[in-house]
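Me: Can you walk me through a protein model? I'm new to this, so keep it plain.

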Amino acid sequence: MRSASPEALVPTARELLAAHTQARDVALLLADYGLTELRPVTTPPHTGRVISVHDGAPVARAFATEAPTLEAGVPGTVTLHLSVTVRGDRVGVLSVNLPKSSLGMAAVMELRAFAATIGRKLVIADRHTDLYLRARRRQRLTLAAEMQELEAQLPLGMFEDTDYREQPLSVAPSDRLVIVTEPRRAPQRREAADRARTRCVP
């Protein structure tokens, strides 16, 4: 994945996993900014099926629980859904379809590590392409929002010696600021936070 271009994370993942795990297909679905839908990353103008995070599908459960989730495929195959995170925040799911014979505990652990790599690559890719930002949008953002997606920093209180940097932000009449805090350890509280955020962010 180190040599993959920012726009080619998914095709590169398909090639690598086909060679190392006999994967038949690989898909990357990213959550919209309201955390209500999982939207497939595709090459415009192509689109894919949008999945609600609340519909109980295996891919939605993988996103909600952050645990590897299996889904039966065509005879002899299975799809493994793996949560993708960036700096501890859920951003989507990596779905890998492969033969049942290729799936063991070691393979699951390797694929979880691969999904973590995808998360790290997304951070870098966002500096060079808007492909993944566009995949996460349910509607067009305003110009102000486009020009000010702030640089992410570590959460307050995580490490006592963290150096936080001030970042300027310009606002105008009718602009909306949404400040969200959520606990990371309790699933029930996280679900409540997700519902509250959905009400705030369209």
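What follows is a chat about the fold, a pocket and a few residues.

Me: What kind of model is this?
Reply: This is a predicted model.

Me: OK. How many helices and strands are in the protein?
Reply: Six helices and six strands.

Me: And what pattern does the protein follow along the sequence?
Reply: The pattern is α-β-β-β-α-β-β-β-α-α-α-α.

Me: How many residues of the protein count as buried?
Reply: The protein has 202 residues, and 36% of them count as buried.

Me: Let's switch to pockets. How much space lies in the second largest pocket?
Reply: About 370 Å³. The lining of this pocket has 19 residues. Closest to the centre are Ala 27, Leu 29, Pro 40, Ile 51 and Ser 95.

Me: Which elements give two or more residues to that lining?
Reply: Two helices and three strands are on the list: α1 (9–21), α2 (58–65), β1 (25–31), β5 (77–86) and β6 (89–99).

Me: Which one gives the most to the lining?
Reply: β1 does, with five residues.

Me: And how do the lining residues divide into nonpolar, polar and charged?
Reply: The lining of the second largest pocket has 11 nonpolar residues. Four more are polar and four are charged.

Me: New topic: rings. How many aromatic pairs does the structure hold?
Reply: Zero.

Me: Then what lies over the face of Phe 63?
Reply: Arg 90 does, at 4.8 Å from the ring centre. Arg 90 belongs to strand β6.

Me: What else links those two? Which atom of Phe 63 lies 3.3 Å from the side chain of Arg 90?
Reply: The backbone oxygen of Phe 63. The 3.3 Å runs from that oxygen to a polar atom of the Arg 90 side chain.

Me: Is Arg 90 buried or exposed?
Reply: Buried. Its relative accessibility is 9%, and the cut-off for buried is under 20%.

Me: What about Ala 62, buried or exposed?
Reply: Ala 62 counts as buried because its relative accessibility is 0%. Ala 62 sits in helix α2.

Me: How far apart are Ala 62 and Ser 95?
Reply: In sequence, they are 33 residues apart. In space, the distance is 9.6 Å, C-alpha to C-alpha. Ser 95 came up before, among the residues closest to the centre of the second largest pocket.

Me: On to the loops. Where does Gln 22 lie?
Reply: Gln 22 is in the loop between α1 and β1. Gln 22 is not a glycine, yet its phi is positive, about 60°.

Me: And what is the phi of Glu 66?
Reply: Also positive, about 60°, and Glu 66 is not a glycine either. Glu 66 lies in the loop between α2 and β4 (69–72).

Me: Why does Glu 66 count as partly exposed?
Reply: Because its relative accessible area is 25%. Partly exposed lies between the cut-offs, under 20% for buried and over 50% for exposed.

Me: One last loop. Where is Asp 126?
Reply: Asp 126 sits between α3 (105–125) and α4 (131–136), in the loop there. With a relative accessible area of 33%, Asp 126 is partly exposed.

Me: How far is Asp 126 from Glu 7?
Reply: The two are 119 residues apart in sequence. In space, Asp 126 and Glu 7 are 9.4 Å apart, C-alpha to C-alpha.

Conventions: Residues numbered from 1 in each chain as written. Predicted model: local features only at pLDDT ≥ 70, side-chain atom pairs only at ≥ 80, totals over all residues. Heavy atoms only, no water. 1 Å grid on protein atoms, 1.4 Å probe; cavity = no way out; pocket = protein on both sides within 12 Å on 5 of 7 lines; lining within 4 Å. Points joined across faces, edges and corners; volume = space filled by probe spheres on them. Helix = DSSP H or I, 4+ residues; strand = E, 2+ residues; numbered from the N terminus. Nonpolar A, V, L, I, M, F, W, Y, C, P; charged D, E, K, R; others polar. Phe/Tyr/Trp six-rings, centres within 6.5 Å; stacked < 30°, edge-to-face > 60°. Lys NZ or Arg CZ within 6 Å of the ring centre and 35° of its normal. Buried < 20%, exposed > 50% of the residue type's maximum accessible area, 1.4 Å probe, protein only. Polar contact = N/O pair within 3.5 Å; in protein donor to acceptor, adjacent residues only side chain to side chain.
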